[in-house]
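Work through the following exercises with the coordinates open, and try each task before reading its solution.

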Amino acid sequence: MINIFLIWLLKLFSKVVRILDFGVGSTWPGHILLSVNPFFLREFDNKFRGKIIVIAGTNGKTTT
């Protein structure tokens, strides 16, 4: 339950960062989340039962 609250709070944080023009704010929420709960990804992986697709590399992520 705390993880859901953190996700919503950090989404709001990202929007505030954009509004105040401190940058895009797209990576800050992930850094903050992992500093608050370093086991978030492990917990998420244990609960999530869908498929995960990762887009990696240097070109094409924006258009994907």
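The exercises below go from the whole chain to single residues and pairs.

Before starting, note that this is a predicted model, in which local features need pLDDT of at least 70 and side-chain atom pairs count only at pLDDT 80 or more, while totals for chains, interfaces and linings use all residues. Residues are numbered from 1 along each chain as its sequence is written, and side-chain values use heavy atoms, with hydrogens and water left out.

**Exercise 1. Describe the secondary structure and the surface of the protein chain.**

Step one is to assign helices (H or I, at least four residues) and strands (E, at least two) as DSSP runs numbered from the N terminus. This gives 3 helices and 0 strands, in the order α-α-α along the sequence.

Step two is the surface, computed by the Shrake-Rupley method with a 1.4 Å probe, where for residues only the protein chains shown count as cover. The accessible surface of the protein chain comes to about 5,800 Å², and carbon and sulfur atoms account for 67% of it.

Step three is burial (buried is under 20% relative accessible area, exposed over 50%, partly exposed in between). Of the 64 residues in the protein chain, 16% are buried.

**Exercise 2. Locate the nonpolar surface patch and say which helices supply it.**

First apply the criterion: patches are made of residues with over 30% relative accessible area and no salt bridge, with like charges joined within 9 Å and nonpolar side chains (Val, Leu, Ile, Met, Phe, Trp, Tyr) within 5 Å. A salt bridge here is a side-chain nitrogen of Lys or Arg within 4 Å of a carboxyl oxygen of Asp or Glu.

The resulting patch covers about 1,000 Å², and its members include Phe-5, Leu-12, Ile-19, Trp-28 and Val-36. Next, sort the members by helix: α1 (2-19) and α2 (28-36) each supply at least two residues, and the largest share, 5 residues, comes from α1. Finally, take one member in detail: Phe-5 is found in helix α1 and counts as exposed because its relative accessibility is 55%.

**Exercise 3. Characterise Ser-14 and Pro-29, including their spatial neighbours.**

Ser-14 is found in helix α1, and its relative accessibility of 8% is why Ser-14 counts as buried. Its side chain makes a polar contact with the side chain of Arg-18 at 3.0 Å, a polar contact being a pair of N or O atoms within 3.5 Å; within protein, one must be able to donate a hydrogen and the other to accept it, and residues adjacent in sequence count only if both atoms are side-chain atoms. The C-alpha atoms of Ser-14 and Trp-28 are 7.4 Å apart, although 14 residues separate them along the chain.

Pro-29 lies in helix α2 and is buried, with a relative accessible area of 15%. Its C-alpha atom is 7.3 Å from that of Phe-13, 16 residues away in sequence.

**Exercise 4. Identify which charged end sits over the ring of Trp-8.**

The charged end is that of Lys-11, 5.0 Å from the ring centre of Trp-8; the test requires NZ of Lys or CZ of Arg within 6 Å of the ring centre and within 35 degrees of the ring normal.

Definitions and conventions:
Buried < 20%, exposed > 50% of the residue type's maximum accessible area, 1.4 Å probe, protein only.
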